[in-house]
Amino acid sequence: MRVSVYLLIGQSNMAGMNPRLGLEPEAKLLFPDARVIYFKVASGGKPIRLWVKEWNQIAAKHKLTVTTKVEGGKDASLTYYQPILEQYKAILEKHPDPASVTFCWMQGERDAREKLSSAYSDALKQLIANLRRDLGQPEMNFVIGRLSDFGKSEDSQWQKVRTVQVAVASEDKHGAWVDCDDLNDKLKDGVKRNDLHYTPQGYELLGRRFVRQARALVDAKKPAADGRPK
């Protein structure tokens with residue numbers, strides 16, 4: 001049986017998603033002829049630069065001084081990017097002809113908080129290009145989880161990252177995005193608030209939306225334009 005592979009990459013809201021409760025059952029439902037395989041490389045509070053070797057050049061282009069040398073002076077990509085390649089290679093050794101490969105990205109909060117939104121588009125496009133090259137998947141599909149409405153409308157950095165994420169997905173025929181604005185609604189003292197992290201039900205729906213958009217991309221159909229595939 002061929003396999004349907006999901007690369008689950010990002011920061012805390014990807015780390016918090018349990019694929020067994022949303023993504024896996026949805027994938028089994030929508031990809032009945034393929035075995036579901038996924039792995040996760042996610043860690044809370046991490047910026048996109050840790051996955052992108054070219055960050056320093058991108059930062060210089062945008063006149064930013066933040067570099068990737070932030071964790072003990074070592075190349076951060078060895079911790080965050082290289083494991084993606086290694087785990088995918090291990091899958092190929094057992095399943096050399098996957099039915100589909102989908103990169104799911106849930107990240108951006110840290111970049112917005114560090115006021116690095118001006119470089120986010122270039123960094124995200126570079127990450128996607130690098131993965132397509134290094135995985136040997138030039139037409140790899142990707143689905144981006146757009147930052148939720150935790151960030152206020154007056155937070156220009158947060159709003160810029162949200163806009164960029166939708167734009168990058170919309171400009172690529174193998175790209176899609178999912179809306180996360182309804183995944184973080186929590187009650188505190190009877191009042192609804194938009195939390196940074198999602199509810200258990202929100203994480204489950206996040207996984208299902210990733211798969212639903214992936215199914216559309218695999219079928220060469222247009223993914224849900226509002227980020228909420230049914």
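These questions and answers cover the sheet, helices, pockets and selected residues of a predicted model.

Q: In what order do the 5 strands of the open sheet stand?
A: Strands of a sheet can pair parallel or antiparallel. Here the pairing is parallel, and the sheet is open. From one strand to the next, the twist averages 20 degrees. The order is β2-β1-β3-β4-β5.

Q: Which strands stand at the edges of the sheet?
A: An edge strand here has a single partner, so one side of it is left without a neighbour in the sheet. Two strands fit that description: β2 (35-42) and β5.

Q: Over how many bridges do β1 and β2 pair?
A: Strand β1 spans residues 3-10 and pairs with β2 in the parallel sense. One bridge joins V5 to I37 of β2. The pairing of β1 with β2 runs over 8 bridges.

Q: At about what angle does α5 run to β2?
A: Helix α5 covers residues 82-94. It lies across β1, β2 and β3. Its angle to β2 is about 160 degrees.

Q: Which strands does α9 touch as it packs on the sheet?
A: The direction of α9 makes about 150 degrees with that of β4 (141-145). β4 is one of the strands in contact with α9. The full set is β1, β3, β4 and β5.

Q: Which element gives the largest share of the lining of the largest pocket?
A: This pocket holds about 210 Å³ of space. Its lining has 14 residues, and those closest to the centre are A169, S170, G175, K222 and P223. α8 (156-170), β5 (175-178) and α9 (200-218) each supply at least two lining residues. The largest share, 3 residues, comes from β5.

Q: How many charged residues are in the lining of the largest pocket?
A: The lining divides by class into nonpolar, polar and charged residues. The nonpolar class has 7 and the polar class 3. The charged residues number 4.

Q: Which elements each supply at least two residues of the lining of the second largest pocket?
A: About 180 Å³ of space lies in this pocket. Its lining includes S100, V101, L217 and V218. By class, the lining has 6 nonpolar, 4 polar and 2 charged residues. The elements asked for are β3 (100-106) and α9.

Q: Is M14 buried or exposed?
A: M14 lies in helix α1, residues 12-15. Beyond its neighbours within four places in sequence, M14 is in contact with L8, I9, K40, A42, C104, W105, M106 and F210. Its relative accessibility is 0%, and buried means under 20%. M14 is therefore buried.

Q: How far apart in space are M14 and S100, C-alpha to C-alpha?
A: In sequence, 86 residues separate M14 from S100. S100 belongs to the lining of the second largest pocket. The C-alpha to C-alpha distance between M14 and S100 is 20 Å.

Q: Where does K63, with its positive phi, lie?
A: Most residues other than glycine have a negative phi. Phi of K63 is near 60 degrees. At 75% relative accessibility, K63 counts as exposed. Its place is the loop between α3 (55-61) and α4 (77-80).

Q: What is the relative accessibility of K115?
A: K115 sits in the loop between α6 (109-113) and α7 (120-134). Its phi is positive, near 60 degrees. K115 counts as exposed, because its relative accessibility passes the cut-off of over 50%. The value is 58%.

How values were computed
Residues numbered from 1 in each chain as written. Predicted model: local features only at pLDDT ≥ 70, side-chain atom pairs only at ≥ 80, totals over all residues. Heavy atoms only, no water. 1 Å grid on protein atoms, 1.4 Å probe; cavity = no way out; pocket = protein on both sides within 12 Å on 5 of 7 lines; lining within 4 Å. Points joined across faces, edges and corners; volume = space filled by probe spheres on them. Helix = DSSP H or I, 4+ residues; strand = E, 2+ residues; numbered from the N terminus. Nonpolar A, V, L, I, M, F, W, Y, C, P; charged D, E, K, R; others polar. Buried < 20%, exposed > 50% of the residue type's maximum accessible area, 1.4 Å probe, protein only. Pairing = 2+ DSSP bridges. Axes fitted to C-alpha atoms, helices over the stretch in contact; angles between N-to-C directions. Contact = heavy atoms within 4.5 Å.
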